[in-house]
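Here's a quick walk through the fold you have on screen, written for someone who'd rather look at residues than read tables. Keep the viewer open and click along.

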Amino acid sequence: MEQTVTLTDLYEFKRCSLRFKLTKVDKVTSVMNAKDGLHEALHSTINYFYYAMLDGKFLSMNDLKEKFSNIWYGEMDLYDIKLNGNQEKRKKELEAIEMLQTLHRKEQRNKDEIVAVNLDFRVPFGKELTVMDKIPLIRKTSRGHEIVNIKTGKQKYDEFWQRTDMGITLQALAFEGIFKKQADTIRIENIRRGDSTFLERKRSDYQRLYKSVRMMQKAMQEGWFYPNESFMCNSCPVKNICMEWR
Ligand code: SF4
């Protein structure tokens, strides 16, 4: 039987296969921790910004703040985010606004054309598995077509991550399938630090992707869902169930 998974599923599976099973397959909870919640709320606001730009409208910073607050304070009922009180909520909100200001200032000066926002794709891995996801942003720059990923996390995006980021490899592969050519540039924009990194993807990167996706598929088919204890357990929403796993 053909199986379809998202890139988020694969990341969840890599993070901890038991957590993936409990939250994505059994769906015992949809609660998100503060870090994941901030990421989702910020990226929804960023998508809103770029969709408007695609429609020829440049939103003000106040529009972005309002959109983010509506998501963050639950008025849009999009996410179930678990926070430790109002102080943490406000602190994270200020963090988000600072990042949105960085992005907004940058885009005021940017003359590049927006080609696509959240472009859906499906990449088959053999006959039995398809991975679906989106290319967040494609711009037309003086160098040609550019895949852009906006990062908001604190973790260092060092050479290891630049070379092995599975999402970027998948997007590069999907871009080739859709546009029948390689992306001319791939840019990672970190709006927390305000810097950009350019990446490349080659055939050898696609080989790594194919091999690891196939192995994850095999593990899922075999039902190999086991706890992968790490510092991430501190904020895991299924910690209590996991403790009883035997
Ligand atoms: S508590 Fe840790 S090991 Fe258990 S499911 Fe959550 S992430 Fe996995």
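## An odd residue in a strand

Start with N118, which sits in strand β4, residues 113-125. Keep in mind that you're looking at a predicted model. What is the phi of N118? The angle is near 50 degrees, a positive value in a residue other than glycine. For background, most residues other than glycine have a negative phi. As for its surroundings, N118 counts as partly exposed because it has 15 C-beta neighbours inside 10 Å.

K27 does something along those lines: its phi is positive, about 50 degrees, and K27 isn't a glycine either. You'll find K27 in the loop between α2 and β2 (31-32). With 8 C-beta neighbours inside 10 Å, K27 counts as exposed.

## Two domains and where they touch

The domain assignment splits out domain 1 (33-110) and domain 2 (113-214). Their C-alpha centres are 22 Å apart. The contact draws on 11 residues from domain 1 and nine residues from domain 2.

Which helices supply at least two residues each to the side of domain 1 that touches domain 2? They are α3 (34-54) and α5 (85-109). Of the elements on that side, α3 gives the most, with eight residues. Sort the domain 1 side by class and you get eight nonpolar, three polar and no charged residues.

## Helix α3

So what does α3 look like by itself? The helix has 21 residues and runs 30 Å from its first C-alpha to its last, close to the 30 Å expected at 1.5 Å a residue. Its buried residues are G37, L38, A41, L42, T45, I46, F49 and Y50. After the helix comes G56, with a positive phi near 85 degrees.

## Helix α4

Next up is α4, residues 61-72, with 12 residues. From first C-alpha to last it reaches 16 Å, close to the 16 Å expected at 1.5 Å a residue. Which residues of α4 are buried? That would be L64, K67, F68, I71 and W72. These buried residues cover an arc of only 130 degrees around the axis, so they end up on the same side of α4.

Turn to the other side of α4 and you'll see N62 and E66, both exposed. Just after the helix, G74 takes a positive phi of about 80 degrees.

## Around A172

A172 is part of helix α7, residues 166-179. Is A172 buried or exposed? It counts as buried, because there are 21 C-beta neighbours inside 10 Å; the cut-off for buried is 20 or more.

Setting aside residues up to four places away in sequence, A172 touches I147, A183, I186 and R201. Another one to click is E200: A172 and E200 are 28 residues apart in sequence, with 8.8 Å between their C-alpha atoms.

## The start of β6 and the loop before it

G144 lies in strand β6, residues 144-151. G144 has 12 C-beta neighbours inside 10 Å, so it counts as exposed; exposed means 12 or fewer. Leaving out neighbours within four places in sequence, G144 is in contact with D184 and T185. How far is G144 from H43 in space? The two are 25 Å apart, C-alpha to C-alpha, and 101 residues apart in sequence.

S142 is in the loop between β5 (129-141) and β6. S142 counts as exposed too, because it has 8 C-beta neighbours inside 10 Å. From S142 to C16 is 41 Å between C-alpha atoms, with the pair 126 residues apart along the chain.

## The ligand shell

C16 brings us to the ligand, since C16 is one of the residues around it. What else is there? The others are L18, R19, P227, N228, E229, M232, C233, C236, V238, K239 and C242.

Two helices, α2 (17-25) and α9 (239-243), each supply at least two residues of this shell. By class, the shell divides into eight nonpolar, one polar and three charged residues.

Technical notes:
Residues numbered from 1 in each chain as written. Predicted model: local features only at pLDDT ≥ 70, side-chain atom pairs only at ≥ 80, totals over all residues. Helix = DSSP H or I, 4+ residues; strand = E, 2+ residues; numbered from the N terminus. Expected span 1.5 Å × (residues − 1). Arc of directions from axis to C-beta. Near = placed C-beta within 6 Å. Nonpolar A, V, L, I, M, F, W, Y, C, P; charged D, E, K, R; others polar. Domains from an automatic or database assignment. Contact = placed C-beta atoms within 7 Å.
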